[in-house]
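Dear colleague,

I am passing on to you the structure shown below, together with an account of what was found in it. Please read the notes with the model open beside them.

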Amino acid sequence: MIKGLRYQLKSVGKDKFCIMSFLLPVVVAMALNIAGSIDLSSLGEYYFCVMDGGVAEETQRWLTEYGDVTVCQTREEWLSAIREPSTNLIGVEMDGEGIKTTLSGDELPLWQQAAATLPALYEQREASAEISIQRLEQPDVLAGIQYIFMAMTLITAMFMGCTFNAMNMISEKEDGVALINEILPVTSRQYVIQKIFIGFVFGCLSAIATTAVCFRLSPAGAAAMLVLTVLSAFVAALVGLFIGRISEGMMVGVVYIKIVMIVFMAVPLLKYLAMAENKVLSAVCYVIPSSATFEGVMDLANGGMAAGKDMVILAVHCAGWLLVCLLLAKHWKKT
């Protein structure tokens with residue numbers, strides 16, 4: 001069996017696609033981390049454009065309380081800045097005792113509504129100055145969805161062993177190595193271990209590296225995440241073994257793998273976004289092992305420690321899939 005594992009390791013070292021598959025989730029996690037660190041709060045700010053001497057200094061100071069103010073030297077420059085398609089500048093000029101706004105017409109509805117409201121707000125500025133205003137911290141634009149992207153990336157890393165094991169077995173079929181494996185004196189247990197070992201180990205390593213990049217967990221949370229990773233990677237490796245055995249060729253195997261990956265990613269996402277209130281459908285989703293993985297990852301990412309139920313569900317999946325593979329391995333050896 002040791003020789004078989006060495007052979008599998010050598011095949012991984014020669015296959016650049018396999019190496020890229022295991023490293024891809026880590027690269028995506030790094031990209032998500034960089035995207036999450038970008039400050040997008042400026043996208044919600046208002047930008048005003050005035051002419052030099054076109055508005056009173058008091059009015060200009062009042063505008064700076066609501067956004068950034070750009071001062072143009074001439075009216076032509078002022079109009080040109082407002083008409084620039086790449087900006088959402090709101091032109092402001094005096095209109096008697098009040099102000100009026102000018103737009104180019106291609107602004108987003110939010111800026112158009114602000115421009116329409118600004119003159120009335122200016123008229124009530126003295127009354128509004130007496131109102132006590134509490135400034136809240138600007139929320140992170142990506143905070144609500146960043147953990148979802150990270151969890152899906154982590155699931156991809158955990159279940160990457162499925163792709164490797166399936167493609168490895170299909171390649172052996174096409175190269176004729178599978179015929180040699182069928183006559184080797186190995187037990188069903190040894191056959192299953194040999195076929196899932198590499199995908200399981202590298203899937204765990206890929207998921208651990210992705211976790212280290214994506215999340216900052218407490219020691220207890222890191223231990224719980226490690227358990228989720230090991231269980232999920234083991235289930236994925238077993239699923240890949242099953243797909244590799246039933247696939248007749250490379251194209252059929254690719255189709256099966258794509259279907260499995262879509263189901264593994266779509267079901268937990270739908271459960272989280274749309275089925276959380278429906279207890280029956282939510283429970284049915286646990287038939288797909290990645291549902292428990294996603295739920296546990298999201299709980300740990302948000303600082304919770306309620307992933308015990310998800311670990312139990314994944315352990316049941318591991319036992320069930322292992323039993324199926326062992327039973328089928330006996331049949332495969334006979335045929």
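In which helix is Lys-271 found? Lys-271 belongs to helix α12, which covers residues 250–273; helices (H or I, at least four residues) and strands (E, at least two) are DSSP runs, numbered from the N terminus.

Before going further, please note that this is a predicted model, in which local features need pLDDT of at least 70 and side-chain atom pairs count only at pLDDT 80 or more, while totals for chains, interfaces and linings use all residues. Residues are numbered from 1 along each chain as its sequence is written, and side-chain values use heavy atoms, with hydrogens and water left out.

Lys-271 is buried, with a relative accessible area of 9%; buried means under 20% relative accessible area, exposed over 50%, and partly exposed in between (1.4 Å probe, protein chains only). The side chain of Lys-271 makes a polar contact of 2.8 Å with that of Glu-295. A polar contact is a pair of N or O atoms within 3.5 Å; within protein, one must be able to donate a hydrogen and the other to accept it, and residues adjacent in sequence count only if both atoms are side-chain atoms.

Helix α14 comprises residues 289–301. At 1.5 Å a residue, its 13 residues should span 18 Å (1.5 Å times one less than the number of residues), and the end C-alpha atoms are 19 Å apart, which agrees. Because 11 of the 13 residues are buried, α14 is largely enclosed by the rest of the structure. Among the buried residues are Phe-294, Val-297 and Leu-300. Just after α14, Gly-303 takes a positive phi of about 90°.

Phe-294 and Val-297 also appear in the largest nonpolar core, of 41 residues, where they are among those that touch the most other members, as are Leu-154, Phe-159 and Phe-215. A nonpolar core is a set of buried Ala, Val, Leu, Ile, Met, Phe, Trp, Tyr and Cys residues joined through side-chain atoms within 4.5 Å. Elements that give two or more residues to this core include α7 (143–158), α10 (188–214), α12 and α14. Apart from it lies another core, of 14 residues, among them Trp-62 and Ile-90.

Ala-236, in helix α11 (residues 219–246), is buried, with a relative accessible area of 0%. Leaving aside neighbours within four places in sequence, Ala-236 is in contact (heavy atoms within 4.5 Å) with Met-158, Phe-159, Gly-161 and Cys-162. On the same basis, the contacts of Phe-159 include Met-261, Phe-264 and Ser-290.

The structure also has an open sheet of four strands, in the order β2-β1-β3-β4, with mixed pairing. Strands β2 (67–72) and β4 (98–102) stand at the edges, each with a single partner strand, so one side of each is left without a neighbour in the sheet. Two strands pair if DSSP finds at least two bridges between them. Strands β1 (residues 46–51) and β3 (residues 90–95) are parallel and share two bridges, and Phe-48 has Ile-90 as its bridge partner in β3. Strands β3 and β4 run antiparallel, joined by five bridges; the partner of Val-92 in β4 is Thr-101. In the hairpin of these two strands, Gly-96 takes a positive phi near 70°.

Yours sincerely
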